[in-house]
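I am opening a notebook on this structure and will write down what I look up, entry by entry.

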Amino acid sequence: MITAHVVNAQNRHLYENEFDEFLRRRHDFFVHQKRWRPPSPDGRELDQFDTDAATYLLGIEDDRVVTSARLIPTSEPHMVSEVFPHMCEKSGVPRRPDWAEWTRTFVVPDRRSTGLRGTLTQLCCAVMEYAVDEGLSAVGGIQETYFMPHHGALKWRAEPMGMAREENGEWYIVAYIEVNEAALESARKRLRITKSLLVRRGAQLPFLRQPEKRSEVA
């Protein structure tokens with residue numbers, strides 16, 4: 001079972017090795033396996049959305065990063081708003097601080113499973129736990145359509161923002177999942193756990209941050 005470490009701009013210095021491993025595993029998955037991006041000379045995958053607005057859940061098991069999630073408030077620039085707005089023709093691009101875009105999820109090859117108690121479901125449970133704890137209303141974003149049946153198996157309510165589309169031979173959809181205690185309990189029941197999967201070390205930034213006050217000059 002993973003532990004999901006909450007990493008943000010305030011405590012990233014406590015996770016230097018783990019965060020570097022996370023970026024390398026991202027490169028292996030999104031560059032070499034998915035071929036979504038060109039190779040990086042340093043073997044790490046970063047994009048324009050890896051900013052201080054992002055919160056990461058690093059799924060650690062046996063002292064290594066085996067899965068991950070990146071969460072960004074949709075009130076900030078995010079992948080859907082900047083790259084895939086055309087896929088939100090039904091409901092429009094979400095721009096709410098209590099809606100989190102969930103991206104950059106992978107599972108290392110030796111932890112991939114078709115069952116519903118595997119590493120992916122553990123990560124999903126951790127994401128939902130974090131979202132409930134932080135008072136969010138929805139999590140989601142651009143995803144392969146095969147995730148939708150997985151959400152359904154967890155009894156999660158996922159709302160598409162538009163139609164599915166094919167990109168480079170794979171089908172994608174923008175969808176957001178309703179956050180509530182029932183969704184968390186359903187995932188925990190599937191995993192047969194009652195304990196928290198989250199680990200919070202050091203200073204924590206609340207996901208719902210107060211906007212900075214700006215002084216006005218008359």
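**Rings and charges.** I began with charged side chains over aromatic rings, and I found Arg-201 over the face of Tyr-15, at 4.8 Å from the ring centre. I noted a second case in Arg-12, which lies over the face of Phe-19 at 4.9 Å from the ring centre. I should record at this point that I am reading a predicted model, and that these distances are computed from its atoms. Phe-19 led me on to its ring neighbours, and I found that Phe-19 belongs to one aromatic cluster with Phe-22, Tyr-56 and Phe-106. For the whole model I noted a count of ten aromatic pairs.

**Confidence.** Before going further I checked how far the prediction can be trusted, and I found that the protein chain averages a pLDDT of 94, with 95% of the residues scoring at least 70. The exception I marked is the stretch 212–218, where the pLDDT is below 50 and where the model shows zero contacts beyond near neighbours in sequence.

**Helix α1.** I then followed Phe-19 and Phe-22 into helix α1, where both are buried, along with Leu-23, Arg-26, His-27, Phe-29, Phe-30 and Val-31. I kept in mind that an α-helix has 3.6 residues a turn, so residues three or four places apart point the same way. Which strands do the buried residues of α1 pack against? I traced them to β1 (3–7), β2 (55–61) and β3 (64–73). I also checked the length of α1 (residues 16–33): its 18 residues should span 26 Å at 1.5 Å a residue, and the end C-alpha atoms are 25 Å apart, so the two values agree. Just after α1, I noted that Arg-35 takes a positive phi of about 60 degrees.

**Thr-74.** Next I looked at the loop between β3 and α2 (79–82), which is where Thr-74 has its place. Is Thr-74 buried or exposed? I entered Thr-74 as buried because its relative accessible area is 0%, while the cut-off for buried is under 20%. I listed what Thr-74 touches beyond four places in sequence, and the names are Pro-94, Arg-95, Arg-96, Trp-99, Ala-100, Glu-101 and Tyr-176. With Arg-95 I also compared positions, and the two residues are 21 apart in sequence but 4.7 Å apart in space, C-alpha to C-alpha.

**Strands β4, β5 and β8.** Trp-99 took me to strand β4 (residues 99–103), which pairs with β5 in the parallel sense over three bridges, and in this pairing Trp-99 stands opposite Ala-138. I looked at the cover of β5 (residues 138–144) and found seven of its seven residues buried. β5 also pairs with strand β8 (residues 170–178), here in the antiparallel sense and over seven bridges, with Glu-144 standing opposite Tyr-172.

**More partners of β8.** Staying with β8, I found that strand β6 (residues 158–160) pairs with it in the antiparallel sense over three bridges. Here I met Tyr-176 again, now as the bridge partner of Glu-159. Strand β7 (residues 165–167) and β8 likewise pair in the antiparallel sense over three bridges, and I noted Glu-167 opposite Glu-170. I read β7 and β8 as a hairpin with two residues between them, and in the turn Asn-168 has a positive phi of about 55 degrees.

**Thr-119 and helix α3.** My last entry concerns Thr-119, which lies in helix α3 (residues 119–133). I put Thr-119 down as buried, since its relative accessible area is 4%. Leaving aside neighbours within four places in sequence, I found Thr-119 in contact with Ile-2, Glu-61, Val-66, Thr-67, Val-107 and Arg-111. I checked Val-107 by position as well, and its C-alpha is 7.1 Å from that of Thr-119, although the two are twelve residues apart along the chain. Turning to α3 as a whole, I noted that 13 of its 15 residues are buried. From first C-alpha to last, α3 reaches 21 Å, close to the 21 Å expected at 1.5 Å a residue. Just after α3, I marked Gly-135, which takes a positive phi of about 75 degrees.

Definitions and conventions. Residues numbered from 1 in each chain as written. Predicted model: local features only at pLDDT ≥ 70, side-chain atom pairs only at ≥ 80, totals over all residues. Heavy atoms only, no water. Buried < 20%, exposed > 50% of the residue type's maximum accessible area, 1.4 Å probe, protein only. Helix = DSSP H or I, 4+ residues; strand = E, 2+ residues; numbered from the N terminus. Pairing = 2+ DSSP bridges. Phe/Tyr/Trp six-rings, centres within 6.5 Å; stacked < 30°, edge-to-face > 60°. Lys NZ or Arg CZ within 6 Å of the ring centre and 35° of its normal. Expected span 1.5 Å × (residues − 1). Contact = heavy atoms within 4.5 Å. pLDDT = per-residue confidence, 0-100.
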